[in-house]
Amino acid sequence: MHPYEVIRRPIVTEKSTLLGTAHKYTFEVARRANKTQVSEAVEKAFNVSVLAVNMIHVPGKMRRMGRHRGITSSWKKAVVTIHPDQRIELYEGA
């Protein structure tokens, strides 16, 4: 897979910005991606060295709109730990 097909978008929440102080960054990734693909994609896209990748499968949730019910799509999240001397500028100022 191409690196930009593996990484879908960064996840910018209060919890993920607090993880940034520990040099951990959170991304939504492709559902079929594995840890090595995510590691290579982050290294190529942001020019940093990745130390570890943790993957989380987020299940879809039940949602209602009036009397109609549906379920949101399941997705995969990756928490990437990079070298302490480096940073990803995408998160700065968020």
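## The β4–β5 hairpin

Let's begin with a cross-strand pair: Arg63 sits opposite Gly70 of β5. The model here is a predicted one. Strand β4, residues 62–65, pairs with strand β5, residues 68–71, in the antiparallel sense, and four bridges link them. Two residues separate β4 from β5 in this hairpin, and Gly66 in the turn has a positive phi of about 70°.

## Helix α3 and its buried side

Next comes helix α3, which covers residues 35–46. Its twelve residues should span 16 Å at 1.5 Å a residue, and the end C-alpha atoms are indeed 16 Å apart, so the two values agree. Just after α3 comes Asn47, with a positive phi near 55°.

Which residues of α3 are buried? They are Val38, Ser39, Ala41 and Val42. These residues lie on the same side of α3, because they cover an arc of only 165° around the axis. The cover over the buried residues of α3 includes α1 (3–6), β1 (7–10), β2 (24–29), β3 (50–58) and β6 (75–82). On the face turned away from the buried side, α3 carries the exposed residues Thr36 and Lys44.

## Lys76, a buried lysine

Strand β6 holds a residue to look at: Lys76. Is Lys76 buried or exposed? Its relative accessibility is 17%, under the 20% cut-off, so Lys76 counts as buried.

Leaving aside residues up to four places away in sequence, Lys76 touches Phe27, Glu28, Val29, Ala30, Arg31, Ala33, Met55 and Ile56. For Arg31 there is also a polar detail: its backbone oxygen lies 3.1 Å from a polar atom of the Lys76 side chain. Ile11 is 65 residues from Lys76 along the chain, and their C-alpha atoms are separated by 11 Å.

Notes:
Residues numbered from 1 in each chain as written. Predicted model: local features only at pLDDT ≥ 70, side-chain atom pairs only at ≥ 80, totals over all residues. Heavy atoms only, no water. Pairing = 2+ DSSP bridges. Expected span 1.5 Å × (residues − 1). Buried < 20%, exposed > 50% of the residue type's maximum accessible area, 1.4 Å probe, protein only. Arc of directions from axis to C-beta. Contact = heavy atoms within 4.5 Å. Polar contact = N/O pair within 3.5 Å; in protein donor to acceptor, adjacent residues only side chain to side chain.
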